[in-house]
Amino acid sequence: MTISRSLTLLILCLTTIRPVHSAEKVDDMDFLSEWKSQSGGFVEETEIVKQGDGAARFLLFNGNYAVREGVPGDWSEFDALSVWVYAEEAGEGVFGISVTTPKSPDEGWSYFYVKVPVDWEGWRQLIFHKEDFKGSRDPDWSNISNLQFALMWNGWTVEVPDASVVIDDIELLTPSDLESLEFGN
Ligand SMILES: [Ca+2]
């Protein structure tokens, strides 16, 4: 066997074993015990489910939030956060997703955040690229401590009484995951 043929075979093997998808699961939402809240937070949903056995219903009232510690800490190899969200109907509601970098209490919280206007019906895979997030203070994509869904009191979220969304299958996506989604693989 010539050296060049050996090299070709080696490259073929390496290409074959390279994983196509390397998304990292943040939460499959089948069990909600890791999510904390003093306002109600997530409610277990077993009828409208995108993945696995369960999902999380999130009521769109001001002050509602659900926060999860223990998410992957270093997001530097990922370009986007993917969240499946079901909306009963397109409405005026807006909720927020934030991703926090741990800081001492003196320094205040540093976090990335993004607004989510609920303007569709049914399931939709929402993909938030790192660039889609705004930053408050000095958040660090490689040093993340929690993920939060919230309707804050500061005016940029909009409550819709009695309305809710269902959230499922939260993942971090690499550039190759995004490429695969773009080409429908
Ligand atoms: Ca699930």
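Strands S5 and S11 pair in the antiparallel sense over five bridges; two strands are said to pair if DSSP finds at least two bridges between them. Strands here are DSSP runs of E with at least two residues, helices are runs of H or I with at least four residues, and both are numbered from the N terminus. The structure is a predicted model, in which local features need pLDDT of at least 70, side-chain atom pairs count only at pLDDT 80 or more, and totals for chains, interfaces and linings use all residues. Residues are numbered from 1 along each chain as its sequence is written.

Within the pairing of S5 and S11, Tyr65 stands opposite Ala150, and Glu69 has Asn146 as its bridge partner. S11 is also joined to S7, again antiparallel and by five bridges. There Gly96 stands opposite Ala150, while Val99 has Leu147 as its bridge partner. Ala150 of S11 thus faces Tyr65 and also Gly96.

These pairings belong to an open sheet of six strands in the order S2-S5-S11-S7-S8-S10, with antiparallel pairing. Its edge strands are S2 and S10 (134-136), each of which pairs on one side only. S2 (residues 35-36) is joined to S5 by two bridges and runs antiparallel to S5; Lys36 has Val67 as its bridge partner in S5. In a regular strand, side chains alternate between the two faces of the sheet.

How far is S11 covered? Four of its five residues are buried, where buried means that 20 or more other C-beta atoms lie within 10 Å of the residue's own, exposed means 12 or fewer, and partly exposed lies in between, with C-beta atoms placed from the backbone. Across the chain of 185 residues, 29% count as buried.

The largest nonpolar core (a set of buried Ala, Val, Leu, Ile, Met, Phe, Trp, Tyr and Cys residues joined through C-beta atoms within 7 Å) has 38 residues, and those with the most contacts inside it are Ala56, Phe58, Phe149, Val165 and Ile167. Strands that each supply at least two residues of this core include S4 (55-59), S5 (65-69), S11 (146-150) and S12 (164-173). Leaving aside neighbours within four places in sequence, Phe58 is in contact with residues including Phe42, Ala66, Phe149, Val165 and Ile167; contact means that the C-beta atoms, placed from the backbone, lie within 7 Å.

Overall, the chain has two helices and 12 strands. Residues 24 or more positions apart account for 78% of its contacts with a separation of 6 or more.

Methods:
Two residues are in contact if their C-beta atoms, placed from the backbone, lie within 7 Å.
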